[in-house]
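This report describes the architecture of one protein chain. It proceeds from the sheet to the nonpolar cores, the aromatic contacts and the backbone.

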Amino acid sequence: MAPAPAPEPQFKKDEKTLCFHHELLYEAKVLDVKPVDENEKKSGFQYKVHYKGWKNTWDDWVPEDRLRKLSPENRELANNLRHEVLAAQRAARAPPPTAAKKKTQGSTRGSEERQTSVTAAGPRGQKRMRDQDLEKVYDNEHLTLTLPQEETFQTRRAVRIYMPDRLKSLLVDDWENITKNLQLVQLPSRKPAGVILDEYLEAQKSHRQLGSIELDILEEVIAGLKEYFNKSLGRLLLYRFERQQFFDIHQRVENATSDLAGKTFSEIYGGEHLLRLFVSMPELIAQTNMDHQAINRLRDELTTMLTWLAKEPQVNSFFASTYESPGQAYIDKVKSST
């Protein structure tokens, strides 16, 4: 039996790349390549890089997972991360609001009705929600999110995930359709969350070498997102008006003769609820024991995924253009359960 071929480095000497330094991606050039020391647990290669425009004293040996190909998609990712950091710095310099109230721990379901009265006050001719209004919706635990203990949360680094404007608009429409128009997403979805994640994985395989660390990490992220989705849907990702629908769906899943028997929620719920999971990810990540490098890598993957979702044809095929009215009997049942 012939021995397996020796692994090839993903990046070559003198190749121009993008390289992570802390939270940002910088243009860099590979100066040298060497295998990882056999005494170390990790396999693969290390790369000596020179950052474009930086002094040679900043040249550094970095692991492969800090490098990205110099492609248009990764240039866009670098720009998005830069804008995100600048926005965070501007927000940090802004004076705190005088009437701000301390946020309490736990799920505050009543915030949904309070937030509705605030956002519905303006005339319809105005833009429905600005970015800060959208942030207010989710910061006020509009998705019944349970936050970690305050002292624990403050010791962890805040994680910001870039959300394209087009997807923000979809989130606002989704919130309005359900909480104000009393409508529901049609289920089962014609493009369930699991299918969306699988299609993203297939689309990325052409950009990543088979058997590479990058592809292995992506496959782990996709599997992890499906697991998060299935476990958090009923607890974190539903508006109150959707809970009766979730109860009905759950009964069909448990019924052995139902068309949904044995299915997972990622095979039933679609892109709207997947976007809500992305909104919740910073808080979910903050409750893990992931190290800084792993968090940066996960944020990178999520940002790339969201950028892909916001483009054609994905954005038109993955998200519902119309919602259904459940009827008065459903509305009365919801009211009687509150």
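## The β1–β2 hairpin and its neighbours

Strands β1 and β2 form a hairpin in which two residues lie between them, and His-22 in the turn has a positive phi of about 60°. The description rests on a predicted model. The two strands run antiparallel and are joined by six bridges; Cys-19 has Tyr-26 in β2 as its bridge partner. Strand β1 covers residues 16-21, and five of these six residues are buried, so the strand is largely enclosed by the rest of the structure.

Strand β1 also pairs with strand β5 (residues 67-69), in the antiparallel sense and over three bridges. Here Thr-17 stands opposite Lys-69 in β5. In the segment before β1 lies Asp-14, which has a positive phi of about 75° although it is not a glycine. Asp-14 is partly exposed, its relative accessible area being 47%.

## Strands β2, β3 and β4

Strand β2 (residues 24-35) pairs with β3 through seven bridges, again in the antiparallel sense. Asp-32 stands opposite Lys-48 in β3. Strand β3, residues 45-51, is mostly covered, with six of its seven residues buried.

On to the next pairing: β3 and strand β4 (residues 60-63) run antiparallel and are joined by four bridges. The bridge partner of Gln-46 is Pro-63 in β4.

## Overall composition

The protein contains twelve helices and five strands. Of its 338 residues, 44% count as buried. The exposed area is about 19100 Å², of which carbon and sulfur atoms supply 52%. Among contacts between residues at least 6 apart in sequence, 73% join residues at least 24 apart.

## Nonpolar cores

In soluble globular proteins, nonpolar side chains tend to be buried together. The largest nonpolar core in this model has 57 residues, and those with the most contacts inside it are Leu-167, Phe-229, Tyr-269, Phe-278 and Leu-309. The elements giving two or more residues to this core are α5 (165-179), α6 (193-205), α7 (213-236), α8 (243-254), α9 (271-286), α10 (292-309), α11 (314-318) and α12 (328-337). A second, separate core has ten residues, among them Phe-11, Cys-19, Val-30 and Tyr-51.

Which residues does Phe-278 touch, not counting residues up to four places away in sequence? Phe-278 touches Ile-161, Met-163, Leu-302, Met-305, Leu-306 and Leu-309.

## Aromatic contacts

The structure holds ten aromatic pairs. In one of them, the ring centres of Phe-265 and Tyr-269 are 6.3 Å apart and the ring planes stand at 75°, so the pair is edge-to-face. Both partners are covered: Phe-265 is buried, with a relative accessible area of 13%, and Tyr-269 counts as buried at 0% relative accessibility. Tyr-269 is also one of the residues with the most contacts inside the largest nonpolar core.

One aromatic cluster is formed by Tyr-26, Tyr-51, Trp-54 and Trp-58. Within this group, Tyr-26 is the bridge partner of Cys-19, and Tyr-51 belongs to the second nonpolar core.

Two lysines lie over aromatic faces. Lys-34 lies over the face of Trp-61, at 4.4 Å from the ring centre. Lys-69 lies over the face of Phe-11, at 4.5 Å from the ring centre; Phe-11 is a member of the second core, whereas Lys-69 is the residue of β5 that Thr-17 stands opposite.

## Backbone features in the loops

The loop between α5 and α6 contains Pro-188, which is joined to Leu-187 by a cis peptide bond with omega of about -5°. Leu-182 is also placed in the loop between α5 and α6. Its phi is near 55°, a positive value in a residue other than glycine. At 31% relative accessibility, Leu-182 counts as partly exposed.

Where is Pro-313 found? Pro-313 is found in the loop between α10 and α11, and the peptide bond leading to it from Glu-312 is cis, with omega near 0°.

Note on methods. Residues are numbered from 1 along each chain as its sequence is written. This is a predicted model: local features need pLDDT of at least 70, side-chain atom pairs count only at pLDDT 80 or more; totals for chains, interfaces and linings use all residues. Side-chain values use heavy atoms; hydrogens and water are left out. Buried means under 20% relative accessible area, exposed over 50%, partly exposed in between (1.4 Å probe, protein chains only). Contact means heavy atoms within 4.5 Å. Accessible areas come from the Shrake-Rupley method with a 1.4 Å probe; for residues, only the protein chains shown count as cover. Rings of Phe, Tyr and Trp (its six-membered ring) pair if their centres lie within 6.5 Å; planes under 30 degrees apart count as stacked, over 60 as edge-to-face and the rest as tilted. A charge sits over a ring if NZ of Lys or CZ of Arg is within 6 Å of the ring centre and within 35 degrees of the ring normal. Two strands pair if DSSP finds at least two bridges between them. A nonpolar core is a set of buried Ala, Val, Leu, Ile, Met, Phe, Trp, Tyr and Cys residues joined through side-chain atoms within 4.5 Å.
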